[in-house]
Amino acid sequence: MLKDMVNNLVMSLDPAEFAKVSLRFEADEIQSRALRSGSRKIILNCCRQFGKTSVASLLALHLAWFVPKSLIIIISYIKEQAQEAYRKIETFQSIMEDRPPDIEHSKQSMAFANRSRILILSGKEGSVRGYSPALIIVDEASRVPNETYFSLRPALAVSGGTLMLVSTPKGRRGFFYHEWKSGEEWERYEVTAWNVPGSQMSGSKQNVRKLARSGSDKSMSASLLKLQIICLIRSFSSYRSHRK
Ligand SMILES: Nc1ncnc2c1ncn2[C@@H]1O[C@H](COP(=O)(O)OP(=O)(O)O)[C@@H](O)[C@H]1O
Ligand SMILES: [Mg+2]
């Protein structure tokens, strides 16, 4: 029982651990850092197949699951692209054991028993008006129009929520390029086919995922262990203070 409580606390504090234990998804080093970031402004500027959408989906599910009443909005240039992240969330959810059923589930929105909600929106300007999001994910952001992006900012300014831009780069204009180059306060993650940790300058994009995983395994296990210890210490002190 105590072990379950500790495990649960560790997972609630650490999305990468949640992914690993509950969803059997081993995030690599860069993915883990992005998942644990805690920043309010995160950019993943990575090549195709790196796992950007997977990371965004994991973060969405973790927040929805552990922080009641969280509203998470996934938006992209077309609804079908946003639906890809949504489907990943559904797949991850189906792996979770002992989860209570959603109280509502459609093709574009799911509501949890803890009153969190995940919904997808098409990239039409102004479509997030009236919402108070805890997290907005903009998938394939380099293809999303500037107007859509600027329409998201007021809702986030009010809610104080997190903004995650996820994309492969596309040219030298548009908000994604500008935020990446010179936007303030962003936590930036970049992975190209050339700078994947441990890669030997292989240009093959199909190999990216394989290289990313093999290259980061050693350093990841060291940093993961460190973080797990920190989380365990935090969990125990939190458990003890609850008992007092
Ligand atoms: N850490 C990981 N371990 C194993 N497979 C992964 C990992 N990250 C991503 N993948 C797989 O790589 C593929 C591409 O992931 P996806 O999130 O769609 O990438 P992107 O959005 O960057 O194109 C998917 O099949 C996904 O399940
Ligand atoms: Mg993707």
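This passage walks through the fold of a predicted model, from the overall make-up of the chain down to a few single residues.

To start with the big picture, the chain holds 8 helices and 8 strands. It runs to 244 residues, and 38% of them count as buried. Contacts also reach a long way along the sequence: taking those between residues at least 6 apart, 69% join residues at least 24 apart.

Asn45 gives a nice example of such a long reach. This residue sits in strand E1, which covers residues 41-46. Tyr189 lies 144 residues away from Asn45 along the chain, yet the C-alpha atoms of the two are separated by just 6.0 Å. Tyr189 is also one of the residues that Asn45 touches; leaving out anything up to four places away in sequence, the others are Ser167, Pro169, Trp180, Arg188 and Glu190. Is Asn45 buried or exposed? Asn45 has 23 other C-beta atoms within 10 Å, and the cut-off for a buried residue is 20 or more, so Asn45 counts as buried.

Next come the helix pairs. Helix H1, made of residues 2-13, packs against H2 at an angle of about 130 degrees, and the two axes are 6 Å apart. That angle makes H1 oblique to H2, and their crossing is left-handed. On the H1 side, the contact is made by Asn7, Val10 and Met11, while H2 brings in Glu17, Phe18, Val21 and Ser22. Sorted by class, the residues of this contact come out as 4 nonpolar, 2 polar and 1 charged.

Further along, helix H4 (residues 52-66) packs against helix H5 (residues 79-95), this time at about 60 degrees and with the axes 9 Å apart. H4 and H5 are therefore oblique to each other as well. H4 passes H5 in a right-handed crossing. Which residues of H4 and H5 meet here? From H4 come Thr53, Ser54, Ala56, Ser57, Leu58, Ala60 and Leu61, and from H5 come Glu84, Ala85, Lys88, Ile89, Phe92 and Gln93. The split for this contact is 7 nonpolar, 4 polar and 2 charged.

H4 turns up again around ligand 1. In total, 13 residues surround this ligand, and the closest are Phe50, Gly51, Lys52, Thr53 and Ser54. H4 supplies the largest share of the shell, with 3 residues. Thr53 and Ser54 thus appear both among the residues closest to ligand 1 and in the contact of H4 with H5. As for the make-up of the shell, there are 3 nonpolar, 5 polar and 5 charged residues.

Finally, two residues stand out for their backbone angles. Most residues other than glycine have a negative phi. Arg24 is not a glycine, but its phi is positive, at about 55 degrees. Where does Arg24 sit? Its place is in the loop that links helix H2 (15-23) to helix H3 (29-35). Arg24 has 9 other C-beta atoms within 10 Å, so it counts as exposed.

Glu185 tells a similar story. Its phi is also positive, at about 70 degrees, and again the residue is not a glycine. Glu185 lies in the loop between helix H7 (175-182) and strand E8 (187-191). With 7 other C-beta atoms within 10 Å, Glu185 is exposed.

Terms used:
Residues are numbered from 1 along each chain as its sequence is written. Chains are lettered from A and ligands numbered from 1 in the order in which they are written. This is a predicted model: local features need pLDDT of at least 70, side-chain atom pairs count only at pLDDT 80 or more; totals for chains, interfaces and linings use all residues. Helices (H or I, at least four residues) and strands (E, at least two) are DSSP runs, numbered from the N terminus. A residue is buried if 20 or more other C-beta atoms lie within 10 Å of its own, exposed if 12 or fewer, and partly exposed in between; C-beta atoms are placed from the backbone. Two residues are in contact if their C-beta atoms, placed from the backbone, lie within 7 Å. Axes are lines fitted to C-alpha atoms, for helices over the stretch in contact, and angles run from 0 to 180 degrees between N-to-C directions. Angles under 35 degrees count as roughly parallel, over 145 as roughly antiparallel, 65 to 115 as roughly perpendicular and the rest as oblique. A crossing is left-handed if the near helix is turned anticlockwise from the far one by less than a right angle, and right-handed if clockwise. Ala, Val, Leu, Ile, Met, Phe, Trp, Tyr, Cys and Pro count as nonpolar, Asp, Glu, Lys and Arg as charged, and the others, Gly among them, as polar. A residue is near a molecule or strand if its C-beta atom, placed from the backbone, lies within 6 Å of it.
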